[in-house]
Amino acid sequence: MKLEPQDSAGNTVAAADTDGTAECAVEAIDLGFTYQDGTKAALRAVGFRQARGEMIGVMGASGAGKSTLAKCLNRIIPEFEGGEFRGAVAIGGRPLDGLRVCDVAADVGMVFQDFEAQLFSTNVAHEVAFAMEQIGMDRATMNARMTPALEAVGLAGFEHRDPTSLSGGEKQRLAIASVLALSPRVIVLDEPTTDLDPEGKAEVFALIRSLRERGLSLIVIEHETEELRRADRVILMREGAVIAEGPPAAVMTQLDLLEASGVHPPSLNRALAMLGIGGHAESVDDAYAAIVRAYPRLESRVPSAPESENPAVDRVATQTQVPPLAAVEDVSFNYTAGPRVLDSISLAIAPGDFLAIVGQNGSGKTTLAKHIVGLLKPLAGRVLLEGRDRATLRAAETAREAAYVFQNPDHQIFAATVWDEVAFGPRNFKLDAGEVDRRCIEVLDAVGLLAERESDPFLLSKGERQRLAVASVLALRPRLLILDEPTTGLDYREQRRMMQLVTDLNRAGIAIVIITHTPWLVAEYARRVALIRKGRKLFDGSVREFFANDELLKTAAFRPPEVTRLARRFGTLALSPGEFADWVKERA
Amino acid sequence: MPLYRYIERDTFVHRMHPTVKVIALLVMFWSVYWVDNPLALLPLGFLLLFIAVITGSSGNFYALRWLFIILITSTTLMWMATYRPGPAMVHMPKVNIRKASILFGLGKGIKLAELLAASVLFISTTKVEEFTIGLAKLRVPYRVGFAVSLSFRLAPLFVDSALTIVDAQRLRGYDFGEGGIFARLRRYATVAIPVFMGALRKANNMAMALEARGFGRLARPTTYVDYPFRAADMIAFAALFAIAAGYFLIYWTGYGAVVA
């Protein structure tokens, strides 16, 4: 059975309707929405038409209105979210006015960012069947649709697996299978890869490409602009309105506009612009060809291996001769009755270090960090802080040496005001009121939240809450700060701001360890990389050495930034568009 | 941490009709309700343990062994201290130990342990979907049945979240063990607030995802798996009826009581 758009009775949707609107998958007219208690409109006069089989990419910073727009397409707004709604939506020519969310489920398949919250069943087959059961499909039709849906997402044979045992990428693919089984007229994917590791992201992006090739109508909301280059059309949103719309080549070359809108400009386009070539590169090959055309001399001198010399901007790893601030020595660990999570791992962190720990989900990165800060005790080996065995240190002593910011800032926020949240730690350590005030002012100023001192932390944006979480541990004045995926869920502007804060702290003398899946963060900010795989350290060295080692990157399924891959085509190594452009200009 | 405690096996208990499983759980609750005498409760306890072994659920029981031990000992001690029927066996300053108190306390402890054991057994052998269907067949509205069964899935998520939050606060120097019992309870507000906020957010996301999949469109959705009512279910049903009647008879004849 092919997964073509069908109505809930299982009839394939006709290509043309009497009024000629069947070719239009989605029509949104003058959509506007203001959330209940919202001070300004989250969506302002947004309208577009999507042809059947078209893929539209939606870009924008957090709060730009992307998710609000998506929710309007399946009636979550205004049926589920309270507020003031205006405008109209039609799917396949059918107006949605007055319908409930569940009435639209068969026409609009929605995949959310939080994959944990959209899986309800105890095995994969039940999960895919769930939506079909809800719309009253008979058992024979469900069985007929089950296999094609699972095959489409590469999960055939997983029918009896518990969804909670799947990887993040597999869970998100399962969520897509469950909407595919309904054969909806349009599938809306709202930041489906935000919470995934690189492998999971690659799986989902490959699936989106495959769905696109099969002619399904897709609306993809995504922070990773490079993945939207294959869309037929992209929409750029800011402050609830569409500010640019057109083919990717037209929108993704407006680099300043993208940056001003809090969207990460494609690094290849940025490099081409810096070289004065301009234009839109759909791939590394495209960019390579464009540069060779503009600088023919470069092609003739492409060396076979990356150049070994480091340019002026090279950031070398911290010298190991310096006595380490923290040292993990031959630590092994496993959770009760589970497999080995850390396997005789050793790692030294020097004062002032800036280390990125990378590796796939489940590789042991977070477990390693929890050993350093004392949340876990090694089954074998030891952890030293300033040369002292951490097992002999009291919690307060550990907290002053090493602090840990959890991936989800909401796991530690509880106070009524920003000020109280930051003061919580110093007060626990019985510091006098004057010292607590001094520290609060100091760290809130450092993270740019001093003006928000009386605000309710839960009303801050995700980026602000993340900075507040950093401030709340900084107030303990640690010498080592470990941040577990500090940019997950943040838009490009917030990511830059967070990393600038981290860089400033590092310059002030605090050793930084970031656990991250984001290649460009590693390339542009870290000085040293440790790659963990199955509880073992596979690599520990400079960022350049890391990105120059193809075999290692392949083993780790870690994809370097596109501009780094472009530089490798020219036989050099560059970690940012600026560095690459400088290299080209120098050589050409 | 596994979200479900369901153990995938192909035993006669696993194959039982969901409705029979729900009724079995209710029968267990019914039976322990009527009796206090530990001797009268023991057969039911052995039956539950036997079923746990043959269904491969003993791992789930082992994981909760401390909870079972604490339930029985703390309940026994509490009733020994507060329930004082009949003459004392042992006289000590301020403490009189009575046989009836011990038996009554032990009976209450075993009761609670059996309620827990029946629930663990149910979860170990019943999928969430079966639970929903079992309730629906008993005329519980589908939405209510689904919400009840979904809570089984959410509870471990919240426990996991709470443990992370405890870690986060400890790293900021927070000592959860400081002070008396009320002070300690107050200190857990630092955990309760983030858990509550997280739960609200998660529940909101889940509700949106459910509706987006058509949940609520039909009062009685169709089912992907067919659950026929077989001869084995009839036999199980009869056995459950006999257990329920038997325990009521024990109560009726007075053998279920510790003190007449």
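Start by selecting chain B of this predicted model, for which the domain assignment gives two parts: domain 1, made of residues 12–127 + 227–260, and domain 2, made of residues 142–218. If you colour these two domains of chain B separately, you can look for the distance between their C-alpha centres, which lie 30 Å apart.

Keep chain B on display and switch to a cartoon view, where you should find 11 helices and 2 strands. Following chain B from the N terminus on, you pass the elements in the order α-α-α-α-α-β-β-α-α-α-α-α-α. Turn chain B slowly as you look, and note that its C-alpha trace spans about 65 × 60 × 30 Å along its principal axes. Of the 260 residues of chain B, 35% count as buried, and among the contacts in chain B with a separation of 6 or more, 79% are accounted for by residues 24 or more positions apart.

Next, bring chain A into view and select the region between the two chains, where 51 residues of chain A are in contact with 42 residues of chain B. On the side of chain A that touches chain B, the elements that give two or more residues include helix 3 (101–104), helix 5 (139–152), strand 16 (402–405) and helix 17 (462–474) of chain A. Helix 4 of chain A gives the most to this side, with 6 residues. Colouring this side of chain A by class will show 30 nonpolar, 14 polar and 7 charged residues.

Now hide chain B and select A51(A), whose place is in strand 2 (residues 43–51) of chain A. Is A51(A) buried or exposed? The answer lies in between, because A51(A) has 13 other C-beta atoms within 10 Å and is therefore partly exposed. Leaving aside neighbours within four places in sequence, A51(A) is in contact with E23(A), C24(A) and A25(A). Of this group, C24(A) is 27 residues apart from A51(A) in sequence, while their C-alpha atoms are 4.4 Å apart in space.

For the last stop, select helix 10 (residues 267–274) and helix 22 (residues 562–569) of chain A, whose axes come within 8 Å and cross at roughly 60°. Helix 10 and helix 22 of chain A are therefore oblique to each other, and helix 10 passes helix 22 in a right-handed crossing. Show the side chains here, and you will see S267(A), L268(A) and A271(A) in helix 10 meeting E562(A), V563(A) and L566(A) in helix 22. By class, this contact of helix 10 with helix 22 of chain A has 4 nonpolar, 1 polar and 1 charged residues.

How values were computed: Residues numbered from 1 in each chain as written. Chains lettered and ligands numbered in written order. Predicted model: local features only at pLDDT ≥ 70, side-chain atom pairs only at ≥ 80, totals over all residues. Contact = placed C-beta atoms within 7 Å. Helix = DSSP H or I, 4+ residues; strand = E, 2+ residues; numbered from the N terminus. Nonpolar A, V, L, I, M, F, W, Y, C, P; charged D, E, K, R; others polar. Domains from an automatic or database assignment. Buried ≥ 20, exposed ≤ 12 C-beta atoms within 10 Å, placed from the backbone. Axes fitted to C-alpha atoms, helices over the stretch in contact; angles between N-to-C directions. Parallel < 35°, antiparallel > 145°, perpendicular 65-115°, else oblique. Left-handed = near helix turned anticlockwise from the far one by under 90°.
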